[in-house]
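Me: I'm new to this structure and would like to learn how to read it step by step. Could you walk me through it?

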Amino acid sequence: MADADDSLDDYYGSHMRSAANNPVGLDLKDTNPKDAVGVAKWRQTFCIPVRVIMELGVAMLEGALKYGRANWTAAGVRASIYIDAAEGHLHAWKMGEDDDPDTGLSHLIKAMSSLAVLRDAQARGMMVDDRVPHIDVEALSAELQPIVNAMFEKHAHRGMEPWTEARLREKAGTESAGREQFADG
């Protein structure tokens with residue numbers, strides 16, 4: 001444990017004492033007992049981008065206004081409903097729709113709010129597990145990966161690039177090129 005403490009102290013101590021991180025020249029102690037203990041605590045919310053926390057709060061507000069705040073903690077949830085909702089938002093985003101037309105929030109945040117409710121319900125024992133029967137994912141991976149590897153080997157000489165929004169814009173020579181221009185090939 002001394003090695004971990006030393007490395008944390010080395011990072012945080014030298015980081016905080018550097019001129020760039022202490023522009024007003026505060027007299028910082030070499031060690032702060034709270035820092036030494038607090039930096040490795042179980043709560044690591046400092047690692048979450050604040051914008052995402054704020055957007056997630058607004059997305060969760062929509063559910064609170066519609067269904068009652070934290071309703072899932074009493075009523076429970078069916079896993080399939082929240083997975084469908086999250087996947088719906090991810091599919092919309094993947095197909096080029098950045099924001100949910102109902103709220104104006106990012107589809108990514110809306111998916112995260114569905115997953116946040118599902119995870120909290122699961123952790124509280126309030127999730128109805130209506131997933132399909134379990135399959136052995138490792139066995140499926142072991143079965144399919146050699147097929148994928150063979151495809152890449154067989155077609156390696158082609159070097160085909162995926163068609164993306166960026167590639168369509170580049171091909172059209174403009175930022176405003178629509179998909180319709182390339183629909184027929």
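Reply: Happy to! A good start is to see how far apart in sequence the contacting residues lie. In this predicted model, residues 24 or more positions apart account for 55% of the contacts in the protein chain with a separation of 6 or more.

Me: How many helices and strands does the protein chain have, and what pattern does the chain follow along the sequence?

Reply: There are 8 helices and 2 strands in the protein chain. Read along the sequence, the pattern is α-α-α-α-β-α-α-β-α-α.

Me: What is the average pLDDT of the protein chain?

Reply: pLDDT is the predictor's confidence in each residue, from 0 to 100. The protein chain averages 83, and 76% of the residues score at least 70. Over residues 179-185, though, the pLDDT is below 50; this stretch still has 8 contacts in the model beyond near neighbours in sequence.

Me: Let's turn to burial. What share of the residues counts as buried?

Reply: Of the 185 residues of the protein chain, 14% count as buried.

Me: Is Asp100 buried or exposed?

Reply: The cut-off to know is that buried means under 20% relative accessible area. Asp100 counts as buried because its relative accessibility is 7%. You will find Asp100 in the loop between helix H5 (79-94) and helix H6 (107-124).

Me: Which residues does Asp100 touch?

Reply: Leaving aside neighbours within four places in sequence, Asp100 is in contact with His89, Leu105, His107 and Lys110. The side chain of Asp100 also makes a polar contact of 3.0 Å with the side chain of Thr103.

Me: Where is Ala70, and what is its phi?

Reply: Ala70 sits in the loop between helix H3 (50-67) and helix H4 (72-75). Its phi is positive, about 60°, although Ala70 is not a glycine. As for accessibility, partly exposed covers values between the 20% and 50% cut-offs, so Ala70, at 29%, counts as partly exposed.

Me: Now for pockets. What is the volume of the second largest pocket, and which residues are closest to its centre?

Reply: The volume of the second largest pocket is about 450 Å³. Its lining has 22 residues, and those closest to the centre are Glu62, Gly63, Tyr67, Ser113 and Ser114. H3, H5 and H6 are the elements that each give two or more residues to this lining, with the largest share, 7 residues, coming from H3.

Me: What classes of residue make up the lining of the second largest pocket?

Reply: By class, the lining has 10 nonpolar, 6 polar and 6 charged residues.

Notes
Residues are numbered from 1 along each chain as its sequence is written. This is a predicted model: local features need pLDDT of at least 70, side-chain atom pairs count only at pLDDT 80 or more; totals for chains, interfaces and linings use all residues. Side-chain values use heavy atoms; hydrogens and water are left out. Helices (H or I, at least four residues) and strands (E, at least two) are DSSP runs, numbered from the N terminus. Buried means under 20% relative accessible area, exposed over 50%, partly exposed in between (1.4 Å probe, protein chains only). A polar contact is a pair of N or O atoms within 3.5 Å; within protein, one must be able to donate a hydrogen and the other to accept it, and residues adjacent in sequence count only if both atoms are side-chain atoms. Contact means heavy atoms within 4.5 Å. On a 1 Å grid over the protein atoms alone, a cavity is a set of points where a 1.4 Å probe fits but cannot get out, and a pocket is an open set with protein on both sides within 12 Å along at least five of seven lines; lining residues have an atom within 4 Å of a point. Grid points are joined across faces, edges and corners, and a volume is the space filled by probe spheres set on the points. Ala, Val, Leu, Ile, Met, Phe, Trp, Tyr, Cys and Pro count as nonpolar, Asp, Glu, Lys and Arg as charged, and the others, Gly among them, as polar.
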